[in-house]
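Grab your viewer and work through these exercises one at a time. Each task comes with a solution that goes step by step.

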Amino acid sequence: MENNKKEKVLSIKDLSITFKTSAGEVNVIRGMNLSLYKGETLAIVGESGSGKSVTVKAIMGILSNNGRIDSGSIEFTYHRGKDEIKEDLLKFSKKEMRKRINGKRISMVFQDPMTSLNPTMTIGAQIMEGMIYHYNTSKKEAYQKAVSLLELVGITNPEKRMKNYPHQLSGGMRQRVVIAIALACDPELLICDEPTTALDVTIQSKILELIKDVQEKTGISVIYITHDLGVVAKVADYVAVMYAGKIIEKGTVDEIFYEPKHPYTWGLLSAMPDLNCNDDKLYTIPGSPPNLLHRIEGDSFAPRNIYALNIDFRKEPPMFRITDTHYASTWLLHENAPKVEMPAELRQRIDYMLKEAR
Ligand SMILES: Nc1ncnc2c1ncn2[C@@H]1O[C@H](COP(=O)(O)OP(=O)(O)OP(=O)(O)O)[C@@H](O)[C@H]1O
């Protein structure tokens, strides 16, 4: 459909990653396929340990040394002047990634701004650093650009702020500075790893709005990794739901929130506090994720799935196509499967959300 015409920024194909641990080999990413288009926002969601951070680390070339890429490719498309360049990021060494991609073509914003900032350097110098390192920008030009970046991220009195050290700023301001640093080299992809978790609620929405605003002004593509579905609803165009190292459902934000098909996604949505901010949750998924040290027979979610069919314990489901943008990996979508609907309480909640949205 329309996706074919859009420009792909990132295309992950058949990615599989294993870590060597003292207990044995753990296959933490198990055949992942995912695309991101220019100017769009993709949210990767899933419980702790599902593989969100490892995926992002593979994109950035910062996997820990006990990690091994078993298969796959991560094709990244970016521009140098008028030229369009496509490269498989997995072909680069860590050193090449630092020199050519990280902080230059792809930038990251982490959860806690204090861990990304250097306490001994002024924020001005920290924003200028990347431009000087990657592009040999003159100090004067880098200074001017740093001031305009501080303006872009909503910091008033930017010239004065350039001379501040991180400890002189509030948490929300620090995260704005981290975003300014991330944008300094005009990257084409920004990856935000739980960017607002460490901030209080009102500042959280301001930072999310800021990232949206920057995206509208610059056309940058954004990946969020988060387990907060409230954040996803606010920012994402597309959502990929991860479970035990696999994407088990992906679709537009409306498809995932209003027409979810995978019982795990039903569980995630039911475990979300009510959108009216009552702390009501409908249901919490029982049990815990599988231990990936052992080979998984069938569907990794089957033991926790009250809708599991016999085949779920024997054979892994493929990704079934629901629409051109919506896919889910559950045998319930097979044409011969019994008709199973999402839990009635969830249907009611979704119908209510739909009514509110109109
Ligand atoms: N260096 C490592 N060595 C061994 N196992 C690792 C390593 N890094 C990550 N893992 C394992 O890989 C799996 C995926 O971890 P990952 O950090 O990507 O999860 P996540 O979805 O980002 O979780 P969270 O939301 O808690 O950050 C987990 O089982 C984790 O224990």
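**Exercise 1.** Find where glutamate 194 sits and decide how exposed it is.

*Solution.* Start with the neighbour count: glutamate 194 has 18 C-beta neighbours inside 10 Å, so it counts as partly exposed. The rule is that a residue is buried if 20 or more other C-beta atoms lie within 10 Å of its own, exposed if 12 or fewer, and partly exposed in between, with C-beta atoms placed from the backbone. Next, place it: glutamate 194 lies in the loop between β7 (189-193) and α8 (201-218). Helices (H or I, at least four residues) and strands (E, at least two) are DSSP runs, numbered from the N terminus. Finally, check the backbone: glutamate 194 is not a glycine, yet its phi is positive, about 45 degrees.

Before you go on, two ground rules. Residues are numbered from 1 along each chain as its sequence is written. This is a predicted model, where local features need pLDDT of at least 70, side-chain atom pairs count only at pLDDT 80 or more, and totals for chains, interfaces and linings use all residues.

**Exercise 2.** Do the same for asparagine 157: is it buried or exposed?

*Solution.* Count first: asparagine 157 has 10 C-beta neighbours inside 10 Å, so it counts as exposed. Its place is the loop between α5 (139-152) and α6 (158-161). Asparagine 157 also has a positive phi, about 55 degrees, without being a glycine.

**Exercise 3.** Describe the surroundings of glycine 46 and glycine 51.

*Solution.* Step one, location: glycine 46 is in the loop between β3 and α1, and glycine 51 lies in the loop between β3 (41-45) and α1 (52-60). Step two, burial: glycine 46 counts as buried because it has 25 C-beta neighbours inside 10 Å, and glycine 51 is buried with 25 other C-beta atoms within 10 Å. Step three, contacts, meaning C-beta atoms, placed from the backbone, within 7 Å. Skipping residues up to four places away in sequence, glycine 51 touches Val28, Ile29, Met242 and Gly245. With neighbours within four places left aside, glycine 46 is in contact with Lys52, His227, Val241, Met242 and Tyr243. Step four, distances: the C-alpha atoms of glycine 51 and glycine 245 are 5.1 Å apart, though their positions lie 194 residues apart along the chain.

**Exercise 4.** Which residues come nearest to the ligand, and what is the shell made of?

*Solution.* There are 16 residues around the ligand, and Phe19, Ser48, Lys52, Ser53 and Val54 come nearest. Being near here means a C-beta atom, placed from the backbone, within 6 Å. Now sort by element: β1 (8-21), β2 (24-37) and α1 each supply at least two residues of the shell, and α1 gives the most, with 3 residues. Then sort by class: the shell has 4 nonpolar, 11 polar and 1 charged residues. In that scheme Ala, Val, Leu, Ile, Met, Phe, Trp, Tyr, Cys and Pro count as nonpolar, Asp, Glu, Lys and Arg as charged, and the others, Gly among them, as polar.

**Exercise 5.** Track down the largest nonpolar core and say where it lies.

*Solution.* A nonpolar core is a set of buried Ala, Val, Leu, Ile, Met, Phe, Trp, Tyr and Cys residues joined through C-beta atoms within 7 Å. The largest one has 82 residues, with Ala43, Val45, Ala180, Tyr224, Val239 and Val241 making the most contacts inside it. Helix α7 (residues 171-183) gives the most to this core, with 8 residues. Domain 1 (1-105 + 192-202 + 220-236) and domain 2 (256-357) both give residues to this core, so it lies between them. Those bounds come from an automatic or database domain assignment.

**Exercise 6.** How do domain 1 and domain 2 meet?

*Solution.* Begin with spacing: their centres, taken over C-alpha atoms, are separated by 24 Å. The contact takes 13 residues from domain 1 and 9 residues from domain 2. On the domain 1 side, β2 and α9 (229-235) each supply at least two residues, and β2 gives the most, with 4 residues. By class, that side of domain 1 divides into 7 nonpolar, 5 polar and 1 charged.

Notes:
Two residues are in contact if their C-beta atoms, placed from the backbone, lie within 7 Å.
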